[in-house]
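Hi everyone, thanks for making time for this. I'd like to walk you through one model, so please have a look at the sequence and the structure first.

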2 protein chains.
Amino acid sequence: MRIALDAMGGDFAPATNIDGAIEALSENRDLSVILVGNASAVKAELDKRDCSRLPISIQHASEVVEMDESPLMALRRKKDSSIRVAINMVKAGDADAMVSAGNSGVVMATALYVLGKLPGVERPAIAAIMPSLKDHFLLLDAGANVDCKPLHLYQFAVMGEAYAKFIFNIEKPRVGLLSIGEEDAKGNELTKEAFKLIKGSNVNFIGNIEGQDIFSGEADVVVCDGFVGNIALKVSEGLAETIVEMLKREFMEHAQGKGDSSVFKDVFKRFVKRTDYSEYGGAPLLGIGNPCIICHGRSTSKAIKNAIKVAGAFHGKGILDVISSEFNKELSRGESVATNE
Amino acid sequence: MRIALDAMGGDFAPATNIDGAIEALSENRDLSVILVGNASAVKAELDKRDCSRLPISIQHASEVVEMDESPLMALRRKKDSSIRVAINMVKAGDADAMVSAGNSGVVMATALYVLGKLPGVERPAIAAIMPSLKDHFLLLDAGANVDCKPLHLYQFAVMGEAYAKFIFNIEKPRVGLLSIGEEDAKGNELTKEAFKLIKGSNVNFIGNIEGQDIFSGEADVVVCDGFVGNIALKVSEGLAETIVEMLKREFMEHAQGKGDSSVFKDVFKRFVKRTDYSEYGGAPLLGIGNPCIICHGRSTSKAIKNAIKVAGAFHGKGILDVISSEFNKELSRGESVATNE
């Protein structure tokens with residue numbers, strides 16, 4: 001599998017991205033990586049590392065998209081950006097999947113423009129994996145669509161269910177709608193309408209799920225609009241970091257010297273590893289015609305490595321075909337319902 | 001100060017509510033409490049406790065609002081509910097403030113209907129206090145208004161700033177707008193319009209604040225619509241509980257016997273105390289004409305106790321007058337801007 005990696009995207013690019021690529025290639029012999037970005041900058045970093053025997057190459061792209069650029073502007077004006085060139089390579093068949101830790105709005109817009117959507121999909125969504133008390137769950141949309149219609153949430157439910165079957169390897173993922181009350185009629189205008197659509201579909205729908213319950217593992221897929229999803233994701237990240245920081249301070253102030261501090265540090269290390277976003281390696285854009293994986297801007301080399309592996313598996317196991325087929329089933333069912341009415 | 005306490009609201013009512021009232025009265029001699037609810041049930045619980053010397057009385061209410069009842073139905077059909085009777089007492093001048101751990105939507109709707117709004121306020125908001133790494137911050141709206149317009153968010157900013165001055169005792173609270181990017185233009189349709197309104201006002205506005213930054217203490221007031229606010233609040237609660245649970249499990253599995261477990265438990269206890277919502281004792285309905293404090297449905301006696309104290313302080317220190325005056329200043333400024341245009 002040939003992965004086009006945006007070498008310039010993310011807070012620690014290109015060095016960290018290159019490290020991630022090397023780690024992925026060292027662990028997985030089926031992969032090759034094309035580093036897309038400023039050729040001289042990428043080559044300078046590459047030369048510092050020993051990777052002569054790895055299937056790694058460079059594709060020049062003269063421009064870089066900044067984190068605060070608008071998708072529309074980037075699409076119009078930066079036609080030779082690392083994001084655009086990487087996506088063009090997938091379109092041209094020179095790569096099987098792309099990975100970027102850059103401006104996620106621009107990746108989304110460019111993928112949409114260049115690669116297009118799977119048939120029937122109105123809006124692609126970012127599907128982020130988050131840890132739960134039991135295991136983990138899929139949150140979508142995690143930020144691609146800030147203003148959604150009920151139909152979009154319904155489609156996220158269909159795509160999320162299909163993807164969860166695959167990545168979690170479960171027969172019937174439980175799909176919940178993120179809302180502010182468990183009762184069917186609770187929510188805002190958007191979720192109340194979406195509730196009816198999902199309820200009336202073949203999706204294995206468990207109803208509304210409240211914010212406090214997403215981490216208990218009640219649902220395998222949590223559906224929401226991209227604004228709410230992004231807030232939920234970021235609040236969780238911020239809070240997890242804050243809690244670990246608070247506990248460390250408490251420990252430093254009140255417990256140091258009283259016990260074996262290595263035990264305490266050990267417990268924290270395991271916890272951080274378990275909840276570390278980088279373990280999950282990026283979030284796919286579900287609904288786009290080819291595999292595109294978005295990484296956190298703060299991605300470490302481990303996060304990049306895992307994202308490259310996810311991209312490889314995404315392509316290798318034909319996840320898009322699975323989603324397409326589920327989606328077509330759901331669509332034709334919807335049409336037959338409409339025809340019968 | 002005379003506080004009308006909904007004795008029937010909350011998961012552990014009436015016993016826990018009565019315990020909370022007794023604790024509040026034992027600690028604060030300026031307060032008296034009227035327990036509003038089924039007189040025989042309340043009296044039976046009251047008789048189990050020694051509170052003959054405390055200024056506590058009972059006001060009968062024959063009905064109880066369930067947690068899943070719609071505000072409209074409760075307003076129409078349960079005119080003798082504990083929530084309605086408690087609010088009626090405030091209206092009639094028989095109580096100075098009310099506290100309820102019952103159905104918050106019904107409290108909100110009833111308060112709105114019976115007590116009305118402060119002049120100029122379009123929508124009252126629930127202002128919840130949350131812990132941050134530095135201290136704490138105010139989140140509003142925490143769930144009263146699930147579908148908002150830009151003007152509502154702007155008004156939440158004005159009311160939140162005024163309330164934060166008082167409760168946090170700071171001159172210039174920093175007000176942030178919860179969004180999905182720091183840049184001015186990031187957000188959904190609602191927040192982008194609200195951003196402009198708040199930016200153009202006298203509010204000490206620090207711009208957009210992302211989910212991961214609310215706990216770092218960058219803002220004293222975080223403004224959002226009630227759907228997003230409720231999700232953020234509940235996700236935080238759920239995650240904090242999950243993290244503590246995960247860390248405890250890690251400790252049990254890997255660290256037990258290796259060190260002094262009391263040290264570890266001690267650190268957790270301090271942390272839980274610091275972040276425990278019950279320490280903050282309920283969230284006021286800002287914008288309602290009289291003091292109404294909403295408590296968590298799972299409120300412990302400590303939470304009820306602290307809510308009663310907040311209600312007392314809210315009334316005693318004339319917070320509504322302060323908010324009214326700030327609001328009028330902001331409104332007349334807005335009008336003069338409109339006139340000059």
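**Where the two chains meet**

Let's begin with the contact itself: putting chain A and chain B together buries about 5,100 Å², and 75% of that area comes from carbon and sulfur atoms. Please keep in mind that this is a predicted model. For the complex, the predictor reports an ipTM of 0.85 and a pTM of 0.87.

How many residues does each chain bring to the contact? Chain A contributes 52 residues, and chain B contributes 52 residues.

Now for the polar side of things. Six residue pairs are in polar contact between chain A and chain B. The interface of chain A and chain B also has two salt bridges. One of them pairs A:Lys234 with B:Glu210, where the closest N and O atoms lie 3.3 Å apart.

Which elements of chain A give two or more residues to the side that touches chain B? They are strand E8 (175-179), helix H7 (189-199), helix H8 (226-255) and helix H9 (261-275). Of these, H8(A) gives the most, with 21 residues. If you sort the residues on this side of chain A by type, you get 24 nonpolar, 14 polar and 14 charged.

Let's zoom in on one residue of that helix. A:Ala240 sits in helix H8 of chain A. Is A:Ala240 buried or exposed? A:Ala240 counts as buried because its relative accessible area is 19%, and the cut-off for buried is under 20%. Leaving out residues up to four places away in sequence, A:Ala240 touches B:Leu239 and B:Ile243. As for distance within chain A, A:Ala240 and A:Gly102 are 138 residues apart in sequence, and their C-alpha atoms are 23 Å apart in space.

Over in chain B, have a look at B:Thr16, which belongs to helix H1 (residues 15-27). B:Thr16 is buried too, with a relative accessible area of 14%. Which residues is B:Thr16 in contact with, once neighbours within four places in sequence are set aside? The answer is B:Ser299, B:Thr300, B:Ser301 and B:Ile304.

Finally, a word on confidence. The average pLDDT of chain A is 89, and 92% of the residues score at least 70. In residues 337-341 of chain A, however, the pLDDT is below 50, and this stretch has zero contacts in the model beyond near neighbours in sequence.

That's my tour, and I'm happy to go back to any part of it.

Notes:
Residues are numbered from 1 along each chain as its sequence is written. Chains are lettered from A and ligands numbered from 1 in the order in which they are written. This is a predicted model: local features need pLDDT of at least 70, side-chain atom pairs count only at pLDDT 80 or more; totals for chains, interfaces and linings use all residues. Side-chain values use heavy atoms; hydrogens and water are left out. Contact means heavy atoms within 4.5 Å. Buried area is the accessible area (1.4 Å probe) that two parts lose on being put together, summed over both. A salt bridge is a side-chain nitrogen of Lys or Arg within 4 Å of a carboxyl oxygen of Asp or Glu. A polar contact is a pair of N or O atoms within 3.5 Å; within protein, one must be able to donate a hydrogen and the other to accept it, and residues adjacent in sequence count only if both atoms are side-chain atoms. Helices (H or I, at least four residues) and strands (E, at least two) are DSSP runs, numbered from the N terminus. Ala, Val, Leu, Ile, Met, Phe, Trp, Tyr, Cys and Pro count as nonpolar, Asp, Glu, Lys and Arg as charged, and the others, Gly among them, as polar. Buried means under 20% relative accessible area, exposed over 50%, partly exposed in between (1.4 Å probe, protein chains only). pLDDT is the predictor's confidence in each residue, from 0 to 100.
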